[in-house]
Amino acid sequence: NKDLHDNVRPGFVLQAERDQRFGRWKRIGLSLGCFLFVVLGLAQSMYFFRSELAAHLPQFKPQLLSICKSLACQIKLPAQKSMLEITGSELLIISEELGINTLSIQIQNKSSTVQAWPHLELTLKDRRGKDLLQKAFTPAQYVDNKDMLLKGMPANSETSQKIFFQLNGLKASDYATDIFYP
């Protein structure tokens with residue numbers, strides 16, 4: 001009798017009755033699935049943008065460091081070359097006999113966050129503008145204060161640094177400076 005009754009009722013009524021029975025569980029399952037995907041997406045974003053989060057929200061850096069310790073990851077300082085600018089430089093020969101030179105350089109951090117110290121590049125040129133020598137300096141070679149080296153270049157700041165180095169017998173007419181992150 002039930003089979004006969006089911007055959008008389010239209011298919012959309014039967015579908016509605018089935019949906020009514022299983023619909024609640026489907027909604028619960030889909031809601032839990034969506035919630036899980038949102039939580040996993042946030043966790044993944046926090047993992048991949050951990051350095052930026054620590055720079056923009058320093059109050060949460062200790063928690064991020066403890067999470068990172070358990071995940072065997074690191075939180076590094078942001079390294080955005082576009083936020084840094086060389087605002088001045090001067091190359092001087094201190095002792096021509098010993099080949100000792102000094103490069104004074106001013107670097108400006110235009111970012112609202114701390115930035116990692118960049119590497120510096122010095123290019124010596126001849127009278128025609130041809131490159132004679134390129135020399136790179138790591139932050140450890142020009143930042144004297146080791147605590148400052150670890151903390152990074154402060155936000156919205158400008159710093160002057162001086163580098164002493166040797167050039168043996170090389171005569172240059174001009175020079176160029178640049179910053180980069182390896």
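Here are three short exercises with worked solutions on the structure above.

The model is predicted, so local features need pLDDT of at least 70 and side-chain atom pairs count only at pLDDT 80 or more, while totals for chains, interfaces and linings use all residues. Residues are numbered from 1 along each chain as its sequence is written, and side-chain values use heavy atoms, with hydrogens and water left out.

**Exercise 1. Find which residues make the nonpolar surface patch, and which helices supply them.**

Step 1. Let's start with the members: Y47, F48, F49, I67 and L71 make a nonpolar patch of about 510 Å². Patch residues have over 30% relative accessible area and no salt bridge, and nonpolar side chains (Val, Leu, Ile, Met, Phe, Trp, Tyr) are joined within 5 Å, like charges within 9 Å. Areas follow the Shrake-Rupley method with a 1.4 Å probe, and for residues only the protein chains shown count as cover. A salt bridge is a side-chain nitrogen of Lys or Arg within 4 Å of a carboxyl oxygen of Asp or Glu.

Step 2. Now the helices: α2 (11-48) and α4 (61-71) each give at least two residues to the patch. Helices (H or I, at least four residues) and strands (E, at least two) are DSSP runs, numbered from the N terminus.

**Exercise 2. Describe the setting of Y47 and M46.**

Step 1. Y47 lies in helix α2, and so does M46.

Step 2. Y47 counts as partly exposed because its relative accessibility is 32%; M46, at 39%, is partly exposed too. Buried means under 20% relative accessible area, exposed over 50%, and partly exposed in between (1.4 Å probe, protein chains only).

Step 3. Leaving aside neighbours within four places in sequence, M46 is in contact (heavy atoms within 4.5 Å) with L53 and L64.

**Exercise 3. Work out the strand order of the two open sheets, and find their edges.**

Step 1. One sheet of three strands runs β1-β2-β5, with antiparallel pairing. Its edges are β1 (84-95) and β5 (157-166); each has a single partner strand, so one side of each has no neighbour in the sheet. Strands pair if DSSP finds at least two bridges between them.

Step 2. Within this sheet, β1 and β2 (residues 100-109) share 10 bridges, and S89 has I105 in β2 as its bridge partner.

Step 3. The other sheet has the order β4-β3-β6, again antiparallel, with β4 (131-137) and β6 (174-180) at the edges. Seven bridges join β3 (residues 119-125) to β6, and T123 stands opposite A176 in β6.
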